[in-house]
Amino acid sequence: MQSLDLRQVRCPLALVLLKQQLLTLDTNASIEVLFSNQVAIQDIRRYLDKKNYCYHCNQNTLLIKLDNK
């Protein structure tokens with residue numbers, strides 16, 4: 001499983017970096033994404049919903065697990 005640490009990154013750069021990482025994922029691969037910025041989480045969740053990605057968010061640890069389409 002790949003990991004992407006965006007705790008020191010603010011939007012819109014966080015969203016851009018995540019989009020780039022998603023392009024490199026193989027089918028059925030997963031990625032863990034770490035956040036510290038609530039605005040970034042909201043923007044990224046909106047993007048993932050729009051693109052029909054399956055994800056799970058644990059707001060206590062700010063960890064989102066993505067499964068590629």
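Helices (H or I, at least four residues) and strands (E, at least two) are DSSP runs, numbered from the N terminus. Here's a quick tour of helix H2 in a predicted model, where local features need pLDDT of at least 70, side-chain atom pairs count only at pLDDT 80 or more, and totals for chains, interfaces and linings use all residues. Residues are numbered from 1 along each chain as its sequence is written, and side-chain values use heavy atoms, leaving out hydrogens and water.

**Helix H2**
- H2 takes in residues 38-50, 13 in total, and spans 18 Å from first C-alpha to last, close to the 18 Å expected (1.5 Å times one less than its number of residues).
- Just ahead of Val39, Asn37 has a side-chain oxygen within 2.8 Å of the Val39 backbone nitrogen, at the start of H2.
- After H2 comes Asn52, with a positive phi near 60°.

**Its two sides**
- Ala40, Ile41, Ile44, Tyr47 and Leu48 of H2 are buried (under 20% relative accessible area, with exposed over 50% and partly exposed in between; 1.4 Å probe, protein chains only).
- They sit on the same side of H2 because they cover an arc of only 130° around the axis, taken from the directions from the helix axis to the C-beta atoms.
- Arg46 and Lys50, on the other side, are exposed.

**The core**
- The largest nonpolar core (buried Ala, Val, Leu, Ile, Met, Phe, Trp, Tyr and Cys residues joined through side-chain atoms within 4.5 Å) has 18 residues.
- Ile44 and Leu48 are among those with the most contacts inside this core.
- H2 gives the most to this core, 5 residues.

Conventions:
Polar contact = N/O pair within 3.5 Å; in protein donor to acceptor, adjacent residues only side chain to side chain.
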